[in-house]
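This report covers one protein chain. A local contact is taken up before the overall dimensions, surface and charges.

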Amino acid sequence: MKDKDTLLKLMRFWLFGTFVIVFTASTIYVGGALGTGLLIFREPYFWLAIVITAALCVVWYYIYKWYLDKKS
């Protein structure tokens with residue numbers, strides 16, 4: 001089995017990748033669907049959603065870290 005540090009690094013990689021994909025996809029989709037383009041960056045609810053996504057990624061990382069600590 002892989003050691004804890006390797007698993008945590010892998011989880012950080014995937015969570016960061018997930019965040020980047022969500023940020024990019026939501027920016028392109030919402031900006032395109034509303035026809036605002038990059039003006040979507042002026043919307044506070046857009047940034048609220050991005051902050052919530054980042055917070056969920058951080059929380060999920062610490063839950064996984066806690067799980068690995070408990071498991072070993």
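## Threonine 53

In this predicted model, the side chain of threonine 53 comes to 2.8 Å from the backbone oxygen of alanine 49. Threonine 53 belongs to helix H2, which covers residues 44–71.

Once neighbours within four places in sequence are left aside, threonine 53 has contacts with Phe19 and Val22.

## Fold and dimensions

The chain contains 2 helices and 0 strands. Its C-alpha trace spans about 50 × 20 × 15 Å along the principal axes. The radius of gyration is 16 Å, whereas a compact globule of 72 residues would have a value near 11 Å.

Contacts between residues at least 6 apart in sequence can be divided by separation: 65% of them join residues at least 24 apart. The contacts of threonine 53 with Phe19 and Val22 link helix H2, where threonine 53 is found, to residues earlier in the numbering.

## Burial and surface

Buried residues make up 19% of the 72 in the chain. The exposed area of the chain is about 5700 Å². Carbon and sulfur atoms account for 74% of that area.

## Charge

Positive side chains number 8 and negative side chains 4. The centre of the positive set and the centre of the negative set are 2 Å apart.

Technical notes: Residues numbered from 1 in each chain as written. Predicted model: local features only at pLDDT ≥ 70, side-chain atom pairs only at ≥ 80, totals over all residues. Heavy atoms only, no water. Helix = DSSP H or I, 4+ residues; strand = E, 2+ residues; numbered from the N terminus. Rg over C-alpha atoms; globule rule 2.2 N^0.38 Å. Buried < 20%, exposed > 50% of the residue type's maximum accessible area, 1.4 Å probe, protein only. Contact = heavy atoms within 4.5 Å. Areas by Shrake-Rupley, 256 points an atom, 1.4 Å probe, with all protein chains shown as cover. Lys, Arg positive; Asp, Glu negative; His and termini not counted. Charge placed at Lys NZ, Arg CZ, Asp CG, Glu CD. Polar contact = N/O pair within 3.5 Å; in protein donor to acceptor, adjacent residues only side chain to side chain.
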